[in-house]
Amino acid sequence: DKKDKKDASLKEQDKKDKKDASLKEQDKKDKKDASLKEQDKKDANLKDELTNLKDEYSSFKEKELKEKQTLIDQVERLKRSEREYELKVQELMERNTQLKSTLQNQEQSSERVAELQEENIKLKQQSSERVADLQEE
């Protein structure tokens, strides 16, 4: 009878130990599940953050490309303006040369007119003298 009680007590203790072990096992499993859920949450957050960074990078690249194109357009406009300016300078230099030549020709013409006027005066004097000489004769 004592032995039966002891066996029953041992069986009861064994059951209790198995139940404790089972509870510990379940507790471990629950903790692991909680840990996995937390990791999934972290992974989802990281995935969202990565998506946001990719979007931000794409937006940055797009903006950078637009700015680059704007700069290229500005450089092209400046080059065109520079070419137009160079052509205008060349035209003005040619016009300046023409005006100098015209001025020089006018100065030479004025000098020639003065020479011819002097010559004309001398010839008139000579002619008047000749007429006077002929009248005296």
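Partly exposed, in what follows, means a relative accessible area between 20%, under which a residue is buried, and 50%, over which a residue is exposed. Glu115, at 44% relative accessibility, therefore counts as partly exposed. That term will come up often. The other thing to keep in mind is that this is a predicted model.

Let me start with the overall form. The protein chain has 1 helix and 0 strands. Its radius of gyration is 58 Å, well over the 14 Å that the globule rule gives for 137 residues, so the chain is more spread out than a compact globule. If you take the box along the principal axes, the C-alpha atoms fill roughly 200 × 15 × 10 Å. Helix 1 covers residues 2–136.

Next, some pairs of positions along the chain. Take Ser35 and Lys19, which are 16 residues apart in sequence; their C-alpha atoms are separated by 24 Å. For Lys88 and Asp40, 48 residues apart along the chain, the C-alpha separation is 71 Å. Glu56 and Ser110 are 54 residues apart in sequence, and 79 Å lie between their C-alpha atoms. Of the residues in these pairs, Ser35 sits in helix 1, as does Lys88, and Glu56 is placed there too.

Now accessibility. What share of the 137 residues is buried? The figure is 0%. The protein chain exposes about 13,800 Å², and carbon and sulfur atoms supply 51% of that area. For the helix residues I just named, Ser35 has a relative accessible area of 46%, so Ser35 is partly exposed. Lys88 is at 47%, which means partly exposed again. Glu56 comes out at 56%, and because the cut-off for exposed is over 50%, Glu56 counts as exposed.

On to the charges. There are 34 positive and 37 negative charges in the protein chain, and the mean positions of the two sets are 18 Å apart. Side chains of opposite charge can pair when their charged atoms come close. How many salt bridges does the structure hold? It holds 3. I will go through them in turn.

Lys61 pairs with Glu64, with 3.2 Å between the closest N and O atoms. These two residues are 3 apart in helix 1, so about one helical turn separates them. Lys61 is partly exposed at 37% relative accessibility, and Glu64 is partly exposed with a relative accessible area of 34%.

In the next bridge, the side chains of Glu62 and Lys66 meet at 3.9 Å, N to O. The cut-off for a salt bridge is within 4 Å, so this pair counts. Glu62 and Lys66 are 4 residues apart in helix 1, again about one helical turn. Lys66 has a relative accessible area of 54%, which means that Lys66 is exposed.

The remaining bridge brings back Glu115, the residue I opened with. Its partner is Arg112, and the closest N and O atoms are 3.4 Å apart. Both residues lie in helix 1, 3 residues apart, or about one turn of the helix. Arg112 is partly exposed at 45% relative accessibility, and Glu115, as I said, is partly exposed at 44%.

That leaves the surface patches. Which residues form the positive one? They are Arg77, Lys79, Arg80 and Arg83. Arg80 is located in helix 1. The relative accessible area of Arg80 is 41%, so Arg80 is partly exposed. A residue needs over 30% relative accessible area to belong to a patch, and Arg80 therefore meets that condition.

There is also a patch of negative charge on the surface, where Glu129, Asp133, Glu136 and Glu137 gather. Asp133 is found in helix 1. At 39% relative accessibility Asp133 counts as partly exposed, and because the patch cut-off is over 30%, Asp133 meets the same accessibility condition.

To go over the main points again: the model is predicted, the chain has 1 helix and 0 strands, and buried residues make up 0% of the chain. The structure holds 3 salt bridges. One positive patch includes Arg80, and a negative patch includes Asp133. That is what I have for today.

Technical notes: Residues are numbered from 1 along each chain as its sequence is written. This is a predicted model: local features need pLDDT of at least 70, side-chain atom pairs count only at pLDDT 80 or more; totals for chains, interfaces and linings use all residues. Side-chain values use heavy atoms; hydrogens and water are left out. Patches are made of residues with over 30% relative accessible area and no salt bridge: like charges are joined within 9 Å, nonpolar side chains (Val, Leu, Ile, Met, Phe, Trp, Tyr) within 5 Å. Accessible areas come from the Shrake-Rupley method with a 1.4 Å probe; for residues, only the protein chains shown count as cover. Lys and Arg count as positive and Asp and Glu as negative; His and the chain ends are not counted. The place of a charge is taken as NZ of Lys, CZ of Arg, CG of Asp or CD of Glu. Buried means under 20% relative accessible area, exposed over 50%, partly exposed in between (1.4 Å probe, protein chains only). The radius of gyration is taken over C-alpha atoms; the globule rule is 2.2 Å times the number of residues to the power 0.38.
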